[in-house]
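Let us take a friendly walk through this protein together, one region at a time. Please open the sequence and the model side by side before we set off.

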Amino acid sequence: MKKGTVLITGASGGIGKELATHFAKEGHSLVLVARSTEKLTEVKQNLEARYKAQVTLFVKDLSNPDHIQQLHQELQERGIIIDYLVNNAGFGLFGEFTETDTEKELNMIDLNIRSLTHLSKLFLPGMVERRSGGILNVASSAAFQPGPLMAVYYATKAYVLSLSEALENEVKGTGVTIMALCPGPTDTGFSNRADLGKSKLFQSGVMDVETVAEIGYKQFKAGKTIVIPGFKNRVMANSVKFLPRKWVTAIVRKVQAKA
């Protein structure tokens, strides 16, 4: 993977922050996007001090389509060409569909699906034209089955996985890599925002974010299409293929319920 400029969304913490570390360590320039000025600045200062990385920050709310257009325009004005795109920004929400907050779930769809699609549409054509680059979409092991008690979140990640696989097929032979990283429960701020702290799923054990990001980065460099970190997560994601769909949803409901 040749050195280039990497745009990472949701880069102020979690998987996005750790992926930024791996790209910086190997000499890539970074464009980091998130909503928090303070957290982004801290990440920038750390990467510059440790790796002498070139880091540019944009404070944007990517669930807002206007902010995406602004980001694209500002990059063009600065003459910054994006070689790699990491669509990491996203969040979940726990609860029954009839009881969860409508605005939060519509915002989730905007961030998890719309912004990812919009950014990919903006930057993928240039990669194909240059015949190099890639997109790393952070999906989830949730993408492989329906998810009662997190119905909308699971559906958004199924979209991310499906889109990634389709795009990988479309760009085959162009020198561009498309990958979906599908982690299981991971120790990030995700569970707190999704109100999952008491869920059996997260109490049964989580992977550390450093390991997930390291696996994702290495497999992206290797040109993989679908990556599921962790043996247990791979077994669970693949086993649903052989079970009746109603069994799958019943099992997910049981695992997902609060302890």
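Helices and strands here are DSSP runs numbered from the N terminus, with at least four residues for a helix and at least two for a strand. The model is a predicted one, so please keep that in mind as we go.

With those names in hand, begin at L149, which sits in the loop between β5 (133-138) and α5 (151-170). Its backbone deserves a look: L149 has a positive phi of about 80°, although it is not a glycine. Is L149 buried or exposed? L149 counts as buried, because its relative accessible area is 12% and the cut-off for buried is under 20%.

K52 offers a companion case. Phi of K52 is near 55°, again a positive value in a residue other than glycine. You will find K52 in the loop between α2 (37-51) and β3 (55-59). K52 is exposed, with a relative accessible area of 71%, and the cut-off for exposed is over 50%. Two loop residues with positive phi, then: L149 is buried, whereas K52 is exposed.

Next, let us look at the empty spaces. How many cavities of 30 Å³ or more does a search of the whole structure find? The search finds one. About 40 Å³ of space lies in this largest cavity. Its lining is made by T9, L62, N87, N88, A89, L111, S115, L116 and L119. Which helix gives the largest share of that lining? The helix is α4, with four residues. Sorted by class, the lining of the largest cavity has five nonpolar and four polar residues, and no charged ones.

The helix α4 also turns up in an open space, the second largest pocket, where it again supplies the largest share of the lining, four residues. This pocket has a volume of about 170 Å³. Around it you can pick out H72, L75, Q76, I80, I81, I82, L122, F123, G126 and R130. Both α3 (65-78) and α4 (102-130) supply at least two residues each to this lining. By class, the second largest pocket is lined by six nonpolar, three polar and one charged residues. So far, then, α4 has given four residues to the lining of the largest cavity and four to that of the second largest pocket.

Now for the charged pairs. Side chains of opposite charge can pair when their charged atoms come close. The count for this model comes to six salt bridges, and three of them are worth a visit here.

Start with K221 and E26, whose closest N and O atoms are 3.2 Å apart. K221 lies in helix α8 (residues 209-221) and E26 in the loop between α1 (14-25) and β2 (29-34), so this salt bridge ties together parts that are 195 residues apart in sequence. K221 counts as partly exposed because its relative accessibility is 39%, and E26 is also partly exposed, at 34%.

Stay on α8 for another pair. E214 and K218 meet through their side chains in a salt bridge of 3.0 Å, N to O. Both residues belong to helix α8 and stand four residues apart, about one turn of the helix. E214 is partly exposed at 33% relative accessibility, and K218 is partly exposed at 48%.

The remaining pair on our route is E168 with K172, where the closest N and O atoms are 3.0 Å apart. K172 is exposed, with a relative accessible area of 54%.

Our final stop is on the surface. Which residues make the nonpolar surface patch of about 290 Å²? The patch is made by W247, I251 and V255. V255 is found in helix α10 (residues 245-256) and counts as partly exposed, at 30% relative accessibility.

V255 also leads back towards the start of our walk. Its C-alpha atom is separated by 9.9 Å from that of P148, a residue 107 positions away along the chain. If you would like to end where we began, look once more at L149, the buried residue in the loop between β5 and α5.

Note on methods:
Residues numbered from 1 in each chain as written. Predicted model: local features only at pLDDT ≥ 70, side-chain atom pairs only at ≥ 80, totals over all residues. Heavy atoms only, no water. 1 Å grid on protein atoms, 1.4 Å probe; cavity = no way out; pocket = protein on both sides within 12 Å on 5 of 7 lines; lining within 4 Å. Points joined across faces, edges and corners; volume = space filled by probe spheres on them. Nonpolar A, V, L, I, M, F, W, Y, C, P; charged D, E, K, R; others polar. Patch = residues over 30% accessible without salt bridge, like charges linked within 9 Å, V, L, I, M, F, W, Y side chains within 5 Å. Areas by Shrake-Rupley, 256 points an atom, 1.4 Å probe, with all protein chains shown as cover. Salt bridge = Lys/Arg side-chain N within 4 Å of Asp/Glu carboxyl O. Buried < 20%, exposed > 50% of the residue type's maximum accessible area, 1.4 Å probe, protein only.
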